[in-house]
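Reader: Could you take me through one part of this assembly in some detail? I work at the bench, so a plain walk through the residues and their neighbours would suit me well.

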Amino acid sequence: MDKLNLILLVPELLAVAAGIGVMLWDLWLPREKKIALSTASMVAAVVLFLSTFIPAVAEGGHAMGGTFLVDGMALLMKRAFAVTALFVFLISREYVEDLERGQGEFYTLCLLALSGMFLCASVNDFMSLFVALEVVTVSFFVLVAFKRRSTKSVEAGLKLLVIGSVSAALLLYGIAFVYGATGTVFFDELRADVVAPDFIVSTELVIGLFLIFLGLGFKTSAVPMHVWVPDVYEGAPTPVTAFMSVGSKLAGFVLMLRVLEVFGRSAAIAAELTPFLALIGALTLFYGNLGAIPQTNIKRLMGYSSIGQCGYILLGIAAAWTMGMSGALFYMVSYVFTNMLVFGVIVYVARATKSHDLDDYSGLARSNPMLCAAMTIGLLSLAGVPPLMGFVGKLLLLGSAFGSPELHWLVYVGLINVVIAMYYYLCVIKRMWIHDARSPAKPVAPMRVKIALGISVLILLAGGFAPQILEGLTAPAAAELGLPSRPR
Amino acid sequence: MEPLALYGYIILFAPLVATALITCFTLKHKAVSSWIAIGGMLVAFGANVLAAMQVFGADASFEPVHEIEWLSVGHVMIPFGVQMDALSVMMSLIVTGVGLCIFVFSTGYMKGEDGWSRYFACLSLFSFSMLGIVLSTNLIQTFIFWELVGVSSYALIGYYFHKDSAVDAGKKAFLTNRIGDFGMTWGIILLFYTLVDTLGWERASFSYEKLKLLYHASDPLIVQVMADHSGTLALATLLIFTGAVAKSAQVPLHVWLPDAMEGPTPVSALMHAATMVAAGVFLVCRLFFMFAPYEIALGVVAWMGGITALLAAGVAFVQHDIKKVLAYSTLSQLGYMVLALGMGAPAAAMFHLTTHAFFKALLFLGSGSVIYGCHHEQDMRKMGGLRKTMPVTFWTFMIGTAALAGIAPFSGFWSKDAILSAASVGHVPGAPILYGMGVLVALMTAAYMGRCVILTFFGEYRGHAKPHESPVSMTGPLVVLATASVFAGVLSIPKGISEHGGWLEHALVGATTAPVWFPGMHEEVFLPSVAIVGTVAALFGLFLAYMFYAKKAWSIDSFVAAVKPLHTLLEKKYYFDEAYLWLVANVQQTIAETCGFIEVHVLRRIVDAVAGTTRWFGGQVRLLLDGHLHRYVTLALFGAVVIIAAVLVGN
Amino acid sequence: MDMLLSSPTLLASALASIGGEITTSHYIVLSALIFGVGLFGVITRKNAVVILMSLELMLNGANLAFVAFSRHHGNLQGQVFVFFIIAVAAAEAAVALAIIIAMNRVKGSVNLDDATELKG
Amino acid sequence: MDLLTLLVVVPLLAAGVLVFVPAKAEKAIRWTAIGAATITLGIGIWFFHLALTGGEAALTEYTASLPRIPWVQSVGITWAVGIDGMSVAMILLNSLVLFTACMVSAHAIQDRVKEYFILFLALGAGVYGVFIVKDMFFMYFAFELAVVPMYLLIGCWGSPKDREYAAMKLTLFLTAGALVALVGILLLYFKTWDFLRLTDPNAMPSFHLDDVIAAADSGYFSSAFQKKTFVFLFLGFGAIIPMWPLHTWSPIGHAAAPAAGSMMHAGVLMKLGSYAILRVAFPACPEGAAYWLPWVATIAMANIVYGGYVAMAQKDVKFVIGFSSSSHMGYTLLGIASVTVMGVSGAVFLMFAHGVMTALTFGLIGFFYDQTHDRYIPNLGGLAHQMPFVGTCFALATMASAGVPGFANFASELMVMLGAWEAGYKVQAVIAIFGVVITAVYLLRALADVFFRARKERWDKLKDARGPFQRSPFILLIVVLLAFGMYPKPMIDIIKAGVEPIVRPVRRAQGHVVDRDTGAVDMRGVDSGLDGEIDTGNAPSERGPRQQRRREGR
């Protein structure tokens with residue numbers, strides 16, 4: 001337990017190393033060769049992905065005196081993060097090329113954020129939770145404000161910063177309460193304590209947990225800490241938005257799952273948490289999906305949509321049993337490919353039309369059928385339409401919530417929102433397929449991106465037709481979490 | 001399958017085969033089509049004759065019914081088959097025989113029509129449907145062909161589909177019959193399930209033979225049960241009768257028949273005079289055992305017939321279109337038959353049906369020949385003096401008129417006499433009145449036919465185009481039918497005259513007789529008084545026509561002026577069409593418009609409103625983020641507080 | 001402030017021991033007050049720098065709570081935590097100042113009311 | 001792989017292949033699609049033949065021979081397909097419509113052919129899926145799979161006027177309906193899981209219908225639960241039928257869709273709802289059905305009459321047919337509500353007949369609309385002069401739709417009426433009979449005003465359907481209608497064998513004596529026939545389970 005066992009941290013360490021390495025190499029590279037950095041980071045991402053398969057890592061266990069845990073969920077999510085990073089590097093290449101300066105920093109920050117996400121997947125005490133979270137957050141402060149000359153970018157950065165810090169403070173205060181109530185910040189001890197027969201659920205603890213979930217809700221863009229999302233999604237550089245919409249969101253979720261996993265073991269605490277999470281989930285669903293309807297900017301639309309998507313995962317978390325966890329993990333993984341698909345298209349359409357207006361997408365079906373197909377499939381998967389991955393995830397989440405009768409109302413809310421979401425996604429699809437092009441601009445995507453998009457389309461279809469493949473990974477990971485195996 | 005049944009199927013399907021062949025292969029080759037059609041008819045007729053020889057032959061040892069399962073679910077089995085008893089064979093002989101004449105006639109009349117093949121295909125289809133009704137063994141099968149007859153008549157009335165009048169007439173015929181079919185379906189279902197509820201699945205059935213067994217049952221239990229539910233059963237019977245009312249054009253569902261004259265004349269002759277319109281009468285004969293037990297049912301039937309006969313005869317006076325005159329006379333003759341049925345003399349009805357088939361077909365073809373000869377002129381006011389130019393047509397037409405007017409010894413006399421004598425001794429309420437109406441109608445018939453003949457064939461020619469006699473293909477059938485009209489009477493010369501008489505009745509006994517204990521059933525005898533009254537009436541009618549139109553001794557105009565209101569009433573055909581028009585245009589259409597309004601302005605609005613509301617909420621939600629950071633933070637923290645408070649209060 | 005009020009046991013003990021010797025509750029009340037003041041600052045002030053200061057105040061509120069609980073439970077976890085918080089806060093502050101400067105560059109002011117380009 | 005699965009795989013595979021065919025190779029694309037459709041048509045006919053020769057036994061045997069392929073084990077999703085008399089009819093229907101629709105669109109669609117056929121095949125696969133699967137998850141899956149292609153088919157190839165509104169409305173309505181049904185499915189799912197856990201404490205859940213039905217048969221589902229669940233299932237699937245007043249999406253959907261689109265939509269898509277009700281709701285919650293169906297019968301009445309009258313008020317020929325469809329679906333509902341083997345078989349047979357008939361109608365309308373670009377009846381007229389073949393076919397289709405004997409529609413509607421009366425819904429039955437009159441009114445009007453009357457010069461440029469390629473789909477459909485109409489017994493025997501086990505539990509719930517072996521349903525309790533009824537003295541019709549049931553039912 002208390003041995004260092006550094007081998008488990010290889011991915012994290014590699015990530016940090018890669019970040020620093022890129023930064024240093026950046027110093028030596030002449031201006032025109034900087035493109036190599038992009039290649040380097042792609043390689044790094046691949047290496048990081050592979051590093052999670054190192055036998056010692058893959059078999060999992062504790063490290064750093066029990067403050068670092070590698071289990072099924074951690075591994076799964078680290079791989080998801082690595083894939084996300086790879087996607088980001090793939091679609092950001094042109095964008096970074098156009099930067100007059102600071103290519104190195106961009107990749108360094110991305111890699112550092114990635115290391116933070118890796119850490120989030122494996123935290124096993126509140127201190128590392130906080131630190132890991134902040135590593136991600138702070139890197140994103142910078143990334144969002146990366147276009148220092150763009151008022152939008154800076155404004156987005158500032159908003160993210162303030163709201164992020166406030167939520168961090170809330171989180172800390174919550175942790176403090178939990179610490180006060182239980183006397184420890186180590187998850188292993190907490191896991192043991194909460195199921196102890198003499199454990200009493202004090203109000204401090206409950207409030208503390210509420211605050212913690214609010215604080216994490218900032219990253220997962222859950223109501224009420226979602227306020228930053230639309231602005232920042234719109235203001236940030238598109239690749240960063242992509243990274244944030246998946247990476248930092250999932251980091252938040254993996255932390256939520258972790259905390260839930262720790263405290264949810266005790267039925268008493270779960271009974272306190274479920275209504276809270278359910279309420280948040282319902283509000284998030286309505287807020288995101290209703291807000292998305294009138295949007296005319298694709299990135300803003302995606303911002304609201306990502307709020308809505310968060311609501312569905314909260315359904316599974318509120319249900320707090322294995323199927324919910326499994327569904328949440330499934331959904332998170334499918335979310336990686338879905339959102340990356342969509343943002344991949346967004347990046348290259350925006351490069352052609354120089355704006356993010358929804359009407360840029362009119363007639364895409366004729367001007368670039370391949371991108372149009374990818375976008376359509378991505379949006380449909382977000383809408384949860386079979387035979388796509390998103391549908392299965394959504395069904396698992398709804399199903400898990402449906403298991404416990406007191407959450408039926410939440411499922412009805414979820415179903416209503418499926419229809420609403422269907423509407424605004426179809427509005428985009430309508431533009432692409434039915435309307436005629438407005439601008440002569442013909443979006444084009446480089447081959448590597450085409451391949452990436454193609455692969456993720458295939459994965460989405462595979463995840464729809466043969467969900468058992470992915471489900472075979474998430475189910476055991478969820479089972480490990482030690483939550484009840486049937487609805488409460 | 002014994003030969004008789006085989007004949008049945010041949011009779012039934014020969015015309016259908018003809019239809020199929022024509023539609024699939026020979027639409028382009030006119031001659032071939034017509035020969036295929038006639039061939040089909042010939043085959044059917046031949047088989048029919050063979051069947052008749054067996055059925056009416058010396059040894060009556062044959063199984064009349066052959067059925068297969070057409071559809072069966074649970075306890076309900078709907079059969080399909082042929083019933084070859086005296087009634088059906090008799091009727092099918094008429095259909096095939098008259099049909100054959102008319103097919104041949106058509107080859108002359110339809111010369112140069114481009115829809116020739118279509119015409120013969122439909123004609124064959126009609127023959128198939130009609131024979132189906134005649135030979136069917138059960139209610140559902142009858143209903144099936146009942147509808148098919150309607151369809152083929154729709155197709156043939158609307159033969160000239162570029163003419164609005166023809167199209168609308170077809171529609172009218174179809175819809176009027178649909179109303180009848182509505183009642184009929186209802187009646188059939190009601191009857192069947194009443195029997196199911198009372199006698200159980202085993203005994204209930206659609207088949208005529210099985211039903212007849214029930215009605216004739218001696219088992220006291222069954223008799224008891226049937227008696228208990230006589231009300232429902234009578235209702236069912238009358239509902240089925242509505243089908244007959246529509247098809248046989250009885251008031252008030254008669255409106256379609258006059259318009260149906262829009263079709264080619266041979267069609268009018270075959271369907272709207274000889275066969276199809278008689279289907280109703282035939283059906284009642286077939287189901288007579290169901291009507292017989294119920295005084296009320298018979299009463300309704302009898303009165304409906306009487307009224308129709310009278311009203312139609314009235315209108316016939318004021319028609320100028322020669323075909324319209326015949327159409328209304330057909331109505332009134334059908335009324336006669338129905339009257340006979342109501343009086344409990346199905347045999348008499350069938351007798352009249354037979355003779356009427358011959359002479360009315362003859363008259364229609366005659367008028368067709370006239371129209372053809374006058375270059376498709378139908379208005380009698382533009383004719384006259386044709387007896388010189390088209391002698392054959394003239395003489396045959398005269399024979400037909402005589403028969404229709406009921407002048408002895410022409411066939412019409414005997415059949416009409418049979419009906420009148422049945423009426424004179426009938427048991428239904430108000431029988432004497434009906435008898436009086438019958439006599440009056442006889443008078444009127446003679447009168448308007450006299451008018452028709454005089455206007456058409458006597459006096460001076462008032463038309464422009466030069467009239468000419470028709471080709472043999474047309475006159476031939478006329479002669480054949482004329483002969484039939486003269487001698488058809490022998491089928492059932494009453495016993496009083498010759499001991500061999502009453503043959504038809506005896507032949508039909510098996511098929512039509514009601515239970516022994518039926519009061520209204522009446523052994524047909526020769527009543528001299530009735531014969532005399534009838535003849536006098538007819539002669540007086542002819543005399544009137546002569547005085548008014550030929551001798552012009554009395555001025556028709558002054559007479560009309562004298563009875564102005566009556567005349568307008570007749571000209572307006574008692575305002576039936578107007579009434580229906582009002583019903584359709586105002587009631588029906590209003591309902592439709594209302595529903596349409598609800599659809600568009602209520603239901604659709606509601607749905608759109610839901611969508612609109614959602615969109616509105618969307619618009620509101622997005623206003624929450626107005627760009628001011630400190631409001632964001634406030635919103636977030638306020639939200640947090642509210643949520644936490646809510647949850648804590650909730651727990 | 002709110003979350004303190006909604007935590008009755010603490011408040012009760014705090015009020016009970018007014019005038020008595022300093023208990024954990026006093027520290028918690030104090031920390032809550034500090035946190036609340038910071039929060040109030042973030043909500044009300046428009047100047048980015050002041051907001052940054054308020055944020056630091058909130059974090060320090062949390063720090064105080066940790067230290068107090070650490071003493072209460074007699075283990076050092078809380079105090080260790082505080083070091084982490086201080087470190088992270090420093091990093092955050094650095095980035096924050098950088099962003100504020102950038103804003104000052106592009107907008108010529110650090111007033112949040114000038115940063116309302118993104119909305120809806 | 002078994003033939004049933006092939007039904008889904010072949011179209012999907014074809015669609016997958018088409019993705020990689022260059023968009024310019026239109027001929028190849030068309031023939032690939034037609035080829036796929038033909039294969040499935042062959043399979044459909046094969047199954048029909050199997051049922052014809054072997055009867056229900058052969059089908060059951062075939063189903064039993066198929067493995068349950070576990071799909072997502074932890075959630076209990078299995079790929080399990082099965083076939084019975086009912087699905088045979090529906091599969092045959094879908095294969096016919098899919099094939100003819102492919103043929104029709106092969107010459108009607110000129111723009112974005114590749115995308116069109118990819119979506120079209122996906123749609124077909126989805127419909128097949130619903131008809132063959134025995135796993136509720138895949139039932140929902142397949143249905144949704146069919147909906148979205150419909151959106152794009154209508155949106156991209158529909159008539160420009162109202163396609164966006166129509167497509168959006170249709171998709172949202174169908175999705176919403178499916179979701180409501182999903183609630184019902186989930187209710188069943190968890191209840192079944194509880195049931196399974198009774199025997200084996202750590203049993204896995206299951207979406208498989210057999211497990212659900214086993215639980216239902218064992219009486220594990222409380223009456224209250226069944227009533228609740230049935231509402232969700234019925235409303236959900238009912239919106240797809242479409243049941244009044246949830247029908248507003250349907251007529252406008254018909255109107256806006258391209259010819260083949262409306263063929264598939266009216267031909268098969270609308271049948272999914274009633275099929276699913278029979279497949280899931282009846283066996284799973286018989287008591288719920290027994291409780292709610294009297295109301296359903298009344299709604300069916302609304303469907304028939306209201307739909308008919310609205311159709312009468314329409315001036316757009318596609319709307320006329322669209323509303324007539326929702327009117328005809330009223331008969332299906334009535335047949336379903338009757339819960340007699342007669343009525344339900346009639347409903348299923350009607351689903352088949354109406355599917356073929358309406359496919360024919362929309363195919364023909366599409367044929368002349370592609371040339372006239374006008375559906376407004378007063379503008380049309382006399383088209384039979386220019387296109388006699390199409391006119392004849394349309395007249396036949398009209399007759400079929402008006403329930404003229406000789407066409408399958410007549411037999412099925414007659415069965416529905418008999419069934420409704422048998423079940424004691426006399427008023428509804430009479431209304432249904434009257435509905436036939438209404439139908440005749442508006443259909444004949446449309447026929448006369450579009451194809452008959454004087455020739456109009458402005459339409460002289462119209463071309464009639466020429467050559468086998470253009471004519472064969474219409475002829476095929478007509479032949480099918482006539483064949484099954486003239487001698488319906490074979491088809492009915494197949495259908496009723498499949499329907500009886502579905503009807504049986506509901507009848508038992510209604511308190512009838514049911515013969516378990518033959519499935520023959522005795523309407524009159526033990527004392528059928530005369531004996532033992534007279535003894536009681538009072539008239540037999542005053543007693544017997546039918547009357548009792550009616551008292552319970554209402």
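Author: Happy to help; what follows is a close look at chain D and its contacts with other chains, and then at some parts of chain B.

Please keep in mind that this is a predicted model. Chain D has 20 helices and 4 strands. The radius of gyration of chain D is 23 Å, close to the 24 Å that the globule rule gives for 554 residues, so chain D is as compact as a globular protein of that length. Its C-alpha trace spans about 75 × 60 × 45 Å along the principal axes. Of the 554 residues in chain D, 67% count as buried. If you take the contacts in chain D with a separation of 6 or more, 79% of them join residues 24 or more positions apart.

Now to the neighbours of chain D. There are 5 pairs of chains in contact, and chains B and D share the most contacts among them. Here 50 residues of chain D are in contact with 44 residues of chain B. On the side of chain D that touches chain B, the elements giving two or more residues are helices H11 (286-313), H13 (341-372), H16 (408-422), H17 (426-451) and H19 (489-509) of chain D. The largest share comes from H17(D), with 10 residues. By class, this side of chain D divides into 37 nonpolar, 7 polar and 6 charged residues.

Chain A is another partner: the contact takes 23 residues from chain D and 23 residues from chain A. Strand S1 (69-72), helix H5 (136-157) and helix H6 (163-199) of chain D are the elements that give two or more residues to the side touching chain A. H6(D) gives the most, with 10 residues. That side of chain D has 16 nonpolar, 5 polar and 2 charged residues. Chain C and chain D, on the other hand, do not touch, and their nearest C-alpha atoms are 25 Å apart.

Let us move into chain B and start with a hairpin. Strand S1 (residues 65-73) of chain B pairs with S2(B) in the antiparallel sense, over 8 bridges. The hairpin of S1(B) and S2(B) has 2 residues between the strands, and Gly74(B) in the turn has a positive phi of about 55°. Val73(B) has Val76(B) in S2(B) as its bridge partner. S2(B) is mostly covered, with 7 of its 8 residues buried.

S2(B) also leads us to a helix. In helix H7 (residues 208-215) of chain B, the buried residues are Tyr208(B), Leu211(B) and Leu214(B). They cover an arc of only 120° around the axis, which puts them on the same side of H7(B). The buried residues of H7(B) pack against strand S2 (76-83), helix H6 (164-199), helix H8 (220-228) and helix H12 (279-286) of chain B.

One last residue to find on your screen is Met444(B), which is in helix H20 (residues 431-457) of chain B. Met444(B) is buried, with 23 other C-beta atoms within 10 Å. Leaving aside its neighbours within four places in sequence, Met444(B) is in contact with Ala313(B), Gly314(B) and Gly541(B). By contrast, the C-alpha atoms of Met444(B) and Leu623(B) are separated by 88 Å, and these two residues are 179 residues apart along the chain.

Definitions and conventions
Residues numbered from 1 in each chain as written. Chains lettered and ligands numbered in written order. Predicted model: local features only at pLDDT ≥ 70, side-chain atom pairs only at ≥ 80, totals over all residues. Buried ≥ 20, exposed ≤ 12 C-beta atoms within 10 Å, placed from the backbone. Arc of directions from axis to C-beta. Contact = placed C-beta atoms within 7 Å. Nonpolar A, V, L, I, M, F, W, Y, C, P; charged D, E, K, R; others polar. Rg over C-alpha atoms; globule rule 2.2 N^0.38 Å. Pairing = 2+ DSSP bridges.
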